[in-house]
Amino acid sequence: MSYRRRRCGLSSIRPRYSRAAQRKASLFLLISAVWCYWCKYFEQQVLADAQVSKYLNEHYVSVFADHDRRPDLVRKYVRGLPMIVLFAPDGRVRQSFAGVLKKDDFLSVVKQVAVSPRPCRRPGPLRFPIRRR
């Protein structure tokens, strides 16, 4: 089984958010560069694995972005390459990390994010009581 790649060029990433929300699936964003050794390693050794690709295809809407073509995403998310950002269906970042994980470690992270309960939203900023003397 091959991994379904959807390259995110100059178009917006928002349609993929809506697709993920429709499927009630999380969004998997990989930001990599053609000149990055570890990006190629991650794609060839981890994403190409049948078990990993099957899980990602079933539970995530996947987006691949080129580091050099998407400076907006680089400014917002990148701390190193390759950069993986996992979003909840509502568009909030659930987990992000830079670098390469082994296949089993990567699979456990994406499984945990896909099945873990969503963090509850706070109704507003936390307010601490002011003590008056």
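In the hairpin of β4 and β5, five residues lie between the strands, and G91 adopts a positive phi near 100°. Most residues other than glycine have a negative phi, so the turn makes a good place to begin a tour of this predicted model. The two strands of the hairpin, β4 (residues 83-87) and β5 (residues 93-98), pair in the antiparallel sense through five bridges. Within this pairing, L86 stands opposite Q95 of β5.

Just ahead of the hairpin comes another backbone feature. The peptide bond joining L81 and P82 is cis, with omega at about -15°. Most peptide bonds are trans. P82 itself belongs to the loop between α4 (71-77) and β4. This proline also offers a link to another part of the fold: K40 and P82 are separated by 42 residues in sequence, while their C-alpha atoms are 8.8 Å apart in space. K40 is found in helix α2 and counts as partly exposed, its relative accessible area being 41%.

It helps here to step back to the overall layout. The protein contains five helices and five strands, and from the N terminus on these follow the order β-α-β-α-α-β-α-β-β-α. Of the 133 residues in the protein, 41% are buried.

Helix α2, the home of K40, shows how burial is arranged along one element. Its buried residues are C39, F42, E43, V46 and L47. These cover an arc of only 110° around the axis, and therefore sit on the same side of α2. C39 has a relative accessible area of 1%, which means that this cysteine falls well within the buried class, whose limit is under 20%. On the face of α2 turned away from the buried side are the exposed residues Y37 and Q44.

Y37 deserves a second look. This tyrosine lies in α2, which spans residues 37-47, and is exposed, with a relative accessible area of 54%. Together with W38 and Y41, Y37 forms a nonpolar patch on the surface, and the three residues share about 360 Å² of accessible area. The helix thus offers a pleasing contrast, because C39 is buried at 1% whereas Y37 is exposed at 54%.

Another cysteine, C36, is likewise classed as buried, with 7% relative accessibility. As for covalent links between cysteines, a search of the whole structure finds zero disulfides.

Charged side chains do make contacts, however. How many salt bridges does a search of the whole structure find? The search returns three. In one of them, the side chains of D49 and K103 meet with a distance of 3.8 Å, N to O. This pair links distant parts of the chain: D49 lies in the loop between α2 and α3 (50-59), K103 lies in helix α5 (residues 103-115), and the two are 54 residues apart. Both partners are partly exposed, D49 at 22% relative accessibility and K103 at 26%.

K103 has a further partner in D104, with the closest N and O atoms 3.9 Å apart. D104 is exposed, its relative accessible area reaching 55%. Through their shared partners, the salt bridges join D49, K103 and D104 into one network.

The remaining contact of this kind brings together D72 and R70, whose closest N and O atoms are 2.6 Å apart. Here the partners fall into separate accessibility classes: D72 is partly exposed, with a relative accessible area of 35%, while R70 is buried, at 6%.

Note on methods. Residues are numbered from 1 along each chain as its sequence is written. This is a predicted model: local features need pLDDT of at least 70, side-chain atom pairs count only at pLDDT 80 or more; totals for chains, interfaces and linings use all residues. Side-chain values use heavy atoms; hydrogens and water are left out. Patches are made of residues with over 30% relative accessible area and no salt bridge: like charges are joined within 9 Å, nonpolar side chains (Val, Leu, Ile, Met, Phe, Trp, Tyr) within 5 Å. Accessible areas come from the Shrake-Rupley method with a 1.4 Å probe; for residues, only the protein chains shown count as cover. A salt bridge is a side-chain nitrogen of Lys or Arg within 4 Å of a carboxyl oxygen of Asp or Glu. Helices (H or I, at least four residues) and strands (E, at least two) are DSSP runs, numbered from the N terminus. Buried means under 20% relative accessible area, exposed over 50%, partly exposed in between (1.4 Å probe, protein chains only). The arc is that of the directions from the helix axis to the C-beta atoms. Two strands pair if DSSP finds at least two bridges between them. A disulfide is a pair of cysteine sulfur atoms within 2.5 Å.
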